[in-house]
Amino acid sequence: MDGGGLRLNMNVLDYSLLALYFVTVLGVGFAARRAIRTSVDFFLSGRSLPAWVTGLAFVSANLGALEIIGMAANGAQYGAMTLHYYWIGAVPAMVFLGIVMMPFYYGSKVRSVPEYLRLRFNRPTHLLNAISFAVAQVLIAGVNLYALALIMQALLGWPLWVAVGIGALIVLAYITVGGLSGAIYNEVLQFFVIIAGLLPITILGLVKVGGLSGLMDAVRDSKLGEAGLHTWQDTGTTANPLGAHWIGIVFGLGFVLSFGYWTTNFAEVQRALSAKNMSAARRTPIIAAYPKLLIPVVTVIPGLVALVTVQGLGADSGDLQYNNAIPLLMRDLLPNGVLGVAVTGLVASFMAGMAANVSGFNTVFTYDIWQQYVRKDRSDEHYIRIGRWATVGGVVAGIGTAFIAAGFSNIMNYIQALFSLFNAPLFATFIIGMFWKRMTAAAGFLSLLMGTLAAVATYLLYKAGVIAFNSDLEESFWGAGIAFVTVAVVAAIVTPLTRPKRDEDLRGLVYGMGGVDVKADVLTGDAVWYRSPVLLGVIAVVIAALLYLPVF
């Protein structure tokens, strides 16, 4: 089967389902507006949401068009090795966030990740992180916008600017009106819409290739060969589809990139901060880990189906790029009605991802830049108004950065590069500062700055051909690792030369210093054994390890 044209034959039923979804999303935003009385209501949902809501929103915020289009592209390009992004590259870090780090975030009552750095280190560290986070969110929002526009242009024939404009306006409307509650309740809805849209592609794809055994036989006969069915085979060298050594996978992806993204990315952490109490906040990322374990069913498997059913997939440009694996399957497999659900699922995934970026951006811009450095001690109404304007600014900037993303044939490679530049040095600064009380404010600032510069230098030298890696993804693994080591070395050198903070200033901010009571606001129902964050987290990690056995 060749690429042909990507245009889908949508009918009135399909468009009606899409329109119904748009109306519902806006309705949720307007319903959430009634609960907004203070800036904490607008930016953190008044810290009032139950764990199952914040947990589903947590995984949905990550399940953007970027994740779906990008991971299906990786499934087609790298085969089963894409599973590393879920089982070693997500679940352990999500569990660590819930068990170890959420008590510090939630217990210190910070409103954002940069605000934690201001309390732990100093204002320069805070400002550096706030600015770098704001830039990263705008760049990532641009990737989500571009992903949506690409799909709408290919599938529905909408011009790029129309698709970008409509998608951006709807996200803008429900966040500006409903704040974080509007975003979170829509993300819960979007989670189910996304799964409903992707499951038919997986099921019909497997039927077409003769089930899982038929798919495995077909992958063996494809350009990936037997290697496309294994996750750890040949990782003692770089002679594998990912071109990555096991050290890069375990340290670069499994530790630095993964922990950097899941534990310090405020777009995710913000969902847990909106939970109603400490127990719910800690369970939020752990509840999210369970669906995350199974998301490869609707991303990686369709990628492999596309690899073996779409002839010529993997071109550098045009309809047969890896990025189009999911759209090509939608065109080839889905009947009308189901097609409308799938298109709606993709639109929902884009909105969930972009809403997470924009709600994170408006909170950090308002609390960490505007309130701290531009206009202090203004009224709550003033900061809600600034937050709404920041939402507009973030969406407009995202439209601009969408065109940067257009320069990458596999947008997942681009996003991993962004994570290695922004998240890896932040995570290193964060984790060392959280566990080493002696680390000083000056060390915090200089290590974050030098780690970021080291990651940027690695990326630029790779792009200039000065240093070589086997793939863009391998560069992001090593770039992240280099950033982490740089932060650790700078912290070790600068700390002994500068004065540490007093112990009483570190209570509730550094591990072992006290000041965090994980049971202070516990509710009666939270005490039951099956709601223990530690137990739930350990089970999730064990399942992740067991899932590797069939594809080792």
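Which residues of helix 15 are buried? Let me start there, and then we'll walk outwards together. The buried ones are Ala325, Ile326, Pro327, Leu328, Leu329, Met330 and Leu333. That makes 7 of the 9 residues in helix 15, so this helix is largely enclosed by the rest of the structure. Before I go on, please keep in mind that this is a predicted model.

So what does helix 15 meet? One partner is helix 9. Helix 9 covers residues 160–209 and helix 15 covers residues 325–333, and their axes come within 10 Å and cross at roughly 70°. An angle between 65 and 115 degrees counts as roughly perpendicular, and therefore helix 9 is roughly perpendicular to helix 15. The crossing of these two helices is left-handed. If you'd like to find the contact on your screen, look for Leu198, Ile201, Leu204, Gly205 and Lys208 on the helix 9 side, and Ile326, Leu329, Met330 and Leu333 on the helix 15 side. Sorted by class, the contact of helix 9 with helix 15 has 7 nonpolar residues, 1 polar and 1 charged. You may recognise some names here: Ile326, Leu329, Met330 and Leu333 were also on our list of buried residues in helix 15.

Now let's turn to another helix pair. Two packed helices are described by the angle between their axes and the distance between the axes. For helix 8, residues 123–156, and helix 19, residues 441–463, the angle is about 25° and the axes are 8 Å apart. Angles under 35 degrees count as roughly parallel, so helix 8 is roughly parallel to helix 19. Helix 8 passes helix 19 in a left-handed crossing. On the helix 8 side, the contact is made by Pro124, Thr125, Leu128 and Asn129, and helix 19 brings Ala441, Gly444, Phe445, Leu448 and Leu449. By class, the contact of helix 8 with helix 19 divides into 6 nonpolar residues, 3 polar and no charged.

Let me pause on one of those residues, Asn129, which is found in helix 8. Is Asn129 buried or exposed? Its relative accessibility is 2%, so Asn129 counts as buried. And what surrounds it? If we leave aside neighbours within four places in sequence, Asn129 is in contact with Val113, Pro114, Leu117, Leu426 and Leu448. Leu448, you'll remember, is part of the helix 19 side of the contact with helix 8.

Next, the aromatic rings. How many aromatic pairs does a search of the whole structure find? The search finds 24. Let me show you two of them. In the pair of Phe255 and Phe427, the ring centres are 5.5 Å apart and the planes stand at 80°, so the pair is edge-to-face. This pair links distant parts of the chain: Phe255 sits in helix 11, residues 246–264, and Phe427 in helix 18, residues 411–435, with their positions 172 residues apart in sequence. The two partners differ in their surroundings, too: Phe255 is partly exposed at 27% relative accessibility, while Phe427 is buried at 0%.

The other pair is Tyr261 with Trp262. Here the ring centres are 4.8 Å apart and the planes are at 90°, so this pair is also edge-to-face. Tyr261 is buried, with a relative accessible area of 10%, and Trp262 is buried at 3%. Going back to Phe255 and Phe427, ring pairs link both of them with Phe96, Phe251, Phe259 and Phe484 into a cluster.

To finish, a quick tour of some loops. Asp234 lies in the loop between helix 10 and helix 11. Its phi is positive, about 65°, although Asp234 is not a glycine. At 40% relative accessibility, Asp234 counts as partly exposed. Asp377 has a positive phi as well, near 55°, and is likewise a residue other than glycine. You'll find Asp377 in the loop between helix 16 and helix 17, and it is exposed, at 75% relative accessibility.

My last stop is Lys109, in the loop between helix 6 and helix 7. Lys109 is partly exposed, with a relative accessible area of 48%. Where is Leu273 in relation to Lys109? The two are 164 residues apart in sequence, and 8.5 Å apart in space from C-alpha to C-alpha. Thanks for listening, everyone!

Note on methods:
Residues numbered from 1 in each chain as written. Predicted model: local features only at pLDDT ≥ 70, side-chain atom pairs only at ≥ 80, totals over all residues. Heavy atoms only, no water. Axes fitted to C-alpha atoms, helices over the stretch in contact; angles between N-to-C directions. Helix = DSSP H or I, 4+ residues; strand = E, 2+ residues; numbered from the N terminus. Parallel < 35°, antiparallel > 145°, perpendicular 65-115°, else oblique. Left-handed = near helix turned anticlockwise from the far one by under 90°. Contact = heavy atoms within 4.5 Å. Nonpolar A, V, L, I, M, F, W, Y, C, P; charged D, E, K, R; others polar. Phe/Tyr/Trp six-rings, centres within 6.5 Å; stacked < 30°, edge-to-face > 60°. Buried < 20%, exposed > 50% of the residue type's maximum accessible area, 1.4 Å probe, protein only.
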